[in-house]
Amino acid sequence: MRGAELGHHHGDCSFETILRPYDLTGDPVLRRIADVVHEADVVDDERFHAPGAPGPDVVLRGLSMTGDDTHTMTVANPVFDGLYAYCRRAASLGREPA
């Protein structure tokens with residue numbers, strides 16, 4: 001939403017904006033997810049190379065077509081939990097998990 005405190009600001013998507021006031025920018029897993037979310041949300045700036053961005057983008061767009069915002073957020077939470085677990089595992093392995 002334009003003008004929202006935690007919306008898009010200075011070329012960052014809302015997810016990136018949310019990380020700052022809650023002092024979460026130092027978490028490398030959240031930073032990696034922020035790159036994916038940014039690339040999925042702000043496709044025209046080519047700021048990050050996040051090959052995984054199209055998957056969550058398509059899933060979240062599809063979920064938004066199945067119900068209202070409350071429903072979308074409820075069913076999207078496990079998607080982001082899974083993305084966090086995957087990225088955390090990749091960070092601990094130093095490679096993409098199988």
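**Helix α2 and the loop before it**

Good morning. I begin with Asp35, which is located in helix α2. Please bear in mind that the structure shown is a predicted model.

Is Asp35 buried or exposed? Asp35 counts as buried, because its relative accessibility is 19% and the cut-off for burial is under 20%. Its side chain has a partner: a polar contact of 3.0 Å joins the side chain of Asp35 to that of Arg31.

Let me turn to the helix as a whole. Helix α2 covers residues 28-41. With 14 residues at 1.5 Å a residue, α2 should span 20 Å, and its end C-alpha atoms are indeed 20 Å apart, so the two values agree.

Asp35 has company among the buried residues of α2, including Val29, Leu30, Ile33, Ala34, Val36, Val37, His38 and Ala40. What covers these buried residues? The cover includes α1, α3 (54-64) and α4 (69-93).

At the N-terminal end of α2, the cap is provided by Asp27, with a side-chain oxygen 2.8 Å from the backbone nitrogen of Val29. Val29 itself is one of the buried residues of the helix.

I close with the loop that leads into α2. Asp23 lies in this loop, between α1 (14-19) and α2. Most residues other than glycine have a negative phi. Asp23 is not a glycine, yet its phi is positive, at about 55°. Asp23 is also exposed, because its relative accessible area is 66% and exposure is set at over 50%. In summary, Asp23 in the loop is exposed, whereas Asp35 in the helix is buried.

Methods
Residues are numbered from 1 along each chain as its sequence is written. This is a predicted model: local features need pLDDT of at least 70, side-chain atom pairs count only at pLDDT 80 or more; totals for chains, interfaces and linings use all residues. Side-chain values use heavy atoms; hydrogens and water are left out. Helices (H or I, at least four residues) and strands (E, at least two) are DSSP runs, numbered from the N terminus. Buried means under 20% relative accessible area, exposed over 50%, partly exposed in between (1.4 Å probe, protein chains only). The expected span of a helix is 1.5 Å times one less than its number of residues. Contact means heavy atoms within 4.5 Å. A polar contact is a pair of N or O atoms within 3.5 Å; within protein, one must be able to donate a hydrogen and the other to accept it, and residues adjacent in sequence count only if both atoms are side-chain atoms.
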